[in-house]
Amino acid sequence: MAAKPAGADLHHRALERLYQSAPVNQVFSSRLEIPSEGHSRLTFTITPDVYHAAGAAHGTIYFKMLDDAAFYAANTLATDRFLLTTSFNLHFTKPVREGEVIAEGRWVSGKRRVLVAESRLIDSEGDEIGRGTGTFMRSRIALSSLEGYSA
């Protein structure tokens with residue numbers, strides 16, 4: 001008989017479902033994995049439909065994936081409320097034209113009202129192509145009220 005998932009594992013799987021349910025992820029196709037508390041991992045593929053005029057990924061995709069990775073790393077520590085991004089600092093370090101990219105998120109500090117997390121983007125060559133740090137605040141939105149979370 002298989003063991004039932006622990007509370008943290010249930011929360012992590014619910015966050016993964018919540019991520020997949022967001023309509024924006026139909027535009028920016030990606031997959032979220034939460035391996036442990038305070039950590040997240042997004043996988044996505046750069047294709048020409050996200051290029052800027054000079055033929056590399058637009059900064060929009062950098063921001064979206066860095067913000068999402070940091071956000072979900074932080075939200076692993078908030079089991080009752082949806083977090084809101086209140087600020088995000090972003091550093092571009094290398095353009096990317098194609099291939100799979102991994103966004104890794106890591107919680108840094110805070111557990112009550114405000115949480116801080118960082119993230120980085122790694123291209124298919126193993127190079128860091130971007131880095132970000134975000135501040136996230138607990139909202140009044142109960143996670144349990146969100147259809148994707150409670151499905």
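1. Strand S2 is a good place to begin, since S2 gives the most to the lining of the largest pocket, with three residues. The model discussed here is a predicted one. Along with S2, helix H3 is an element that gives two or more residues to that lining. The residues that line the largest pocket are Val-27, Phe-28, Ser-29, Ser-30, Thr-43, Phe-44, Thr-45, Thr-47, Asp-49, Val-50, Ile-61 and Met-65, and the space within this pocket comes to about 160 Å³.

2. Some names in that lining return in the interior of the protein. The largest nonpolar core has 35 residues, of which Phe-44, Ile-46, Ile-61, Met-65, Leu-121 and Phe-136 touch the most other members. At least two residues of this core come from each of helix H1 (7-21), strand S1 (30-36), strand S2 (39-46), helix H3 (59-75), strand S3 (81-92), strand S4 (99-109), strand S5 (114-122) and strand S6 (128-142). The element that gives the most to the core is H3, with nine residues. Phe-44, Ile-61 and Met-65, which are among the best-connected core members, are also found among the residues that line the largest pocket.

3. Helix H3 deserves a point of its own. How many of the 17 residues of H3 are buried? The count is 14, and the helix is accordingly described as mostly covered. The length of H3 can also be checked against expectation: with 17 residues at 1.5 Å a residue, the helix should span 24 Å, and its end C-alpha atoms are indeed 24 Å apart, so the two values agree.

4. Turning to charged side chains, the structure holds 13 salt bridges. One of them joins Asp-9 and Arg-13, whose side chains meet at 2.2 Å, N to O. Both residues lie in helix H1, where they are four residues apart, or about one turn of the helix. Asp-9 counts as partly exposed at 28% relative accessibility, and Arg-13 is likewise partly exposed, with a relative accessible area of 27%.

5. Another salt bridge joins residues outside the helices and strands. The side chains of Lys-94 and Glu-125 meet at 3.1 Å, N to O. Because Lys-94 lies in the loop between S3 and S4 while Glu-125 lies in the loop between S5 and S6, this pair ties together parts that are 31 residues apart in sequence. The two partners fall into separate classes of accessibility: Lys-94 is partly exposed, with a relative accessible area of 24%, whereas Glu-125 is exposed, with a relative accessible area of 62%.

6. Which residue forms a salt bridge with Arg-120? The partner is Glu-104, and the closest N and O atoms of the two are 2.8 Å apart. Arg-120 belongs to strand S5 and Glu-104 to strand S4, so the pair ties together parts that are 16 residues apart in sequence. Arg-120 is partly exposed, with a relative accessible area of 31%, and Glu-104 counts as partly exposed at 27% relative accessibility. These two residues also belong to a network of salt bridges that links Arg-41, Glu-104, Arg-120, Glu-128 and Arg-131.

7. The aromatic side chains form six pairs by the rule applied here. In one of them, the rings of Tyr-19 and Tyr-72 have their centres 5.4 Å apart and their planes at 90 degrees, so the pair is edge-to-face. This contact links distant parts of the chain, with Tyr-19 in helix H1 and Tyr-72 in helix H3, 53 residues apart. Tyr-19 counts as buried at 1% relative accessibility, and Tyr-72 counts as buried at 7%.

8. A further edge-to-face pair is that of Phe-63 and Phe-88, so classed because the ring centres lie 5.5 Å apart and the planes are at 85 degrees. Here too distant parts of the chain are linked, since Phe-63 is in helix H3 and Phe-88 in strand S3, 25 residues apart. Are the two rings' residues buried or partly exposed? Phe-63 counts as partly exposed at 36% relative accessibility, while Phe-88 counts as buried at 16%.

9. Finally, one aromatic cluster is formed by Tyr-19, Phe-71, Tyr-72, Phe-82 and Phe-136. Phe-136, a member of this cluster, is also one of the residues that touch the most other members of the largest nonpolar core.

Conventions: Residues numbered from 1 in each chain as written. Predicted model: local features only at pLDDT ≥ 70, side-chain atom pairs only at ≥ 80, totals over all residues. Heavy atoms only, no water. Core = buried A, V, L, I, M, F, W, Y, C linked by side-chain atoms within 4.5 Å. Buried < 20%, exposed > 50% of the residue type's maximum accessible area, 1.4 Å probe, protein only. Expected span 1.5 Å × (residues − 1). Salt bridge = Lys/Arg side-chain N within 4 Å of Asp/Glu carboxyl O. Phe/Tyr/Trp six-rings, centres within 6.5 Å; stacked < 30°, edge-to-face > 60°. 1 Å grid on protein atoms, 1.4 Å probe; cavity = no way out; pocket = protein on both sides within 12 Å on 5 of 7 lines; lining within 4 Å. Points joined across faces, edges and corners; volume = space filled by probe spheres on them.
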